[in-house]
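Colleague: Got a minute to walk me through this model? I'll ask, you answer.

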Amino acid sequence: MNSYELNLDGLVGPTHNYAGLSYGNIASTSHTAAASNPKEAAKQGLQKMKALSDAGFKQGILLPHERPAIWALKALGFTGSDAQILEKAQKTDPTLLSAVASASCMWTANAATVSPSADTQDGKLHFTAANLNAKFHRSIEHDTTSRMLQSIFADERYFAHHPALPAIASFGDEGAANHTRFCTDYGQAGVELFVYGQSGFNLAAPAPQRYPARQTLEASQAIARLHGLADKNVVFAQQNPAVIDAGVFHNDVIAVGNGNVLFYHQEAFLDTEQMLDELNRKLVGSELIAVCVPSEQVSVSDAVRSYLFNSQLLSNNDGSMTLIVPAECREISSVSDYLDQLVAMSDNPINEVKVFDLKQSMNNGGGPACLRLRIALNKTELAAMHQGTLMTDALYMRLNKWIDMHYRDRLVQADLADPQLLIESRTALDELTQITRVGSIYPFQR
């Protein structure tokens, strides 16, 4: 049976702004209060989606969430009309208003963890929405994320959905940004690598000291149980606490994998050799190809600044792989030089690098890998999912027109209190649900 990797990219929302809300994410905090361009951000992401679709990769979209989230402000005690609530929030706590207006759901690598049917005991494709409880602005995402995924993957014969884990630090879950699946073929049983920053319960275990670890061992173990994964299909590994303290807030900022290839930085993991050995033992049908980037060639600092590892690693029909990188990778000499060396190597299948301008997302702390949720599925499952979110020429053209009609080209923090922005956003999202035919997934629609 034919099988594929589907990438669902987050379409950047109308309230894309630079609030610097993500402590531990250096790119995010370094651009605090800068003016953003939501229209450009949405088009940059959309252009990447279309280019990959045109290249033959399976590509779709996930929709932006309702922002500003008036319902979240009401839950925190703000009352009155929508306009009054926005005004009160701006006067009381502008940072809070920025949080409920964040377009962070664009980074769909954090939307959920996905286990394909080839790995699960019940033979279904499993989804668990991430609780994202480390950051308030992201912790309010999982309800809408769940409704959206349940709408797109609705057929209970093939798809199983789980609610987010308990929203406490011990079960902090950041989704697929800390999860990578290795396999010989997308339709064959694989091994799922869960990377965590620290243990939630064993406080004596290694942990970062400067920045918080957002993924716990206990959360990763819980998701593996919920998805019905056998021990032979799972590896748990700890990220190096030192790189978390250097600004590597998710594993996908220091490593990326696909098929039987792991592309990672020398300092990415706490016990690298043990992890590689276990991955290789559990990978059926092929040997793991581990491509290690030495610190002497690319420092952790340059890896973070360039987002070299926050790239997409995609399989081509001829068995080769393409690395999708942000333009910043060609602006930092150590990284650019390494990429030239990488494609010249004969000991791994990565033989092409494609560069995309994602400056608007990058300035807020998210590169190509942050923008997409990977889903391995077979031909039957692909046909059973909702087709309205899959990229086509017609959808691309319609989304471009939709962005032109509804998005602003400049946004600063003071604009978030503008009642008209809320109206613009809701109008745009209501129309988008009609374009994609996903149904009433937003609070304002119910």
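Colleague: Which loop holds Pro68?

Modeller: Keep in mind that this is a predicted model. Pro68 follows Arg67 through a cis peptide bond, with omega at about -5°. Most peptide bonds are trans. As for the place of Pro68, look in the loop between strand 2 and helix 3 (70-75).

Colleague: Any other backbone oddities? What is the phi of Leu132?

Modeller: Go to the loop between strand 4 (125-129) and helix 6 (136-139), where Leu132 sits. Most residues other than glycine have a negative phi. Leu132 isn't a glycine, yet its phi is positive, at about 50°.

Colleague: Back to strand 2, then. Which strands stand at the edges of the sheet with the order 2-1-15?

Modeller: That's an open sheet of three strands with mixed pairing, in the order 2-1-15. An edge strand here has a single partner strand, so one side of it is left without a neighbour in the sheet. That puts at the edges strand 2 (58-62) and strand 15 (372-378).

Colleague: How much twist is there from one strand to the next in the 2-1-15 sheet?

Modeller: The three strands form an open sheet, and the pairing is mixed. From one strand to the next, the twist averages 30°.

Colleague: In what sense do strand 1 and strand 2 pair, parallel or antiparallel?

Modeller: Five bridges link strand 1 and strand 2. As a landmark, Gly10 stands opposite Leu62 of strand 2. The sense of the strand 1 and strand 2 pairing is parallel.

Colleague: Which helix lies across strand 1 and strand 2?

Modeller: Look for a helix running at about 155° to strand 2. It covers residues 38-54, and that's helix 2.

Colleague: Now the other sheet. Why is one side of strand 12 and of strand 14 left without a neighbour?

Modeller: Three strands make up this open sheet, with mixed pairing and the order 12-13-14. Strand 12 and strand 14 stand at the edges, so what leaves one side of each without a neighbour in the sheet is having a single partner strand. The twist here averages, from one strand to the next, 25°.

Colleague: What is the bridge partner of Leu313?

Modeller: Strand 12 and strand 13 pair over four bridges, in the antiparallel sense. So much for the pairing; the partner of Leu313 is in strand 13, and it's Leu323.

Colleague: Which strands of that sheet does helix 2 touch?

Modeller: Helix 2 packs on this sheet too, with its direction at about 145° to that of strand 14. Helix 12 (residues 333-344) lies across strand 13 and strand 14, running at about 145° to strand 14. As for helix 2, the strands it touches are strand 12, strand 13 and strand 14.

Colleague: On to the pocket. Which strand gives the most to the lining of the largest pocket?

Modeller: The largest pocket has a volume of about 620 Å³. Its lining has 26 residues, with Phe57, Tyr186, Ser315, Asn316 and Asn317 lying nearest the centre. Strand 1 (3-10), strand 12 (312-315), strand 13 (321-326) and strand 14 (350-356) each supply at least two lining residues. The one that gives the most, with four residues, is strand 1.

Colleague: How many residues of that lining are polar?

Modeller: Eight lining residues of the largest pocket are nonpolar and five are charged. The polar count is 13.

Colleague: What does Tyr396 touch?

Modeller: Tyr396 lies in helix 15 (residues 393-406). Its C-alpha atom is separated by 21 Å from that of Gln312, 84 residues apart along the chain. Leaving out residues up to four places away in sequence, Tyr396 touches Leu46, Gln47, Lys50 and Met391.

Colleague: Last one: what is the radius of gyration of the chain?

Modeller: The chain has 16 helices and 15 strands, and its C-alpha trace spans about 60 × 45 × 40 Å along the principal axes. With 446 residues, a compact globule would come out near 22 Å, which agrees with the chain's radius of gyration, 21 Å.

Key
Residues numbered from 1 in each chain as written. Predicted model: local features only at pLDDT ≥ 70, side-chain atom pairs only at ≥ 80, totals over all residues. Heavy atoms only, no water. 1 Å grid on protein atoms, 1.4 Å probe; cavity = no way out; pocket = protein on both sides within 12 Å on 5 of 7 lines; lining within 4 Å. Points joined across faces, edges and corners; volume = space filled by probe spheres on them. Nonpolar A, V, L, I, M, F, W, Y, C, P; charged D, E, K, R; others polar. Pairing = 2+ DSSP bridges. Axes fitted to C-alpha atoms, helices over the stretch in contact; angles between N-to-C directions. Contact = heavy atoms within 4.5 Å. Rg over C-alpha atoms; globule rule 2.2 N^0.38 Å.
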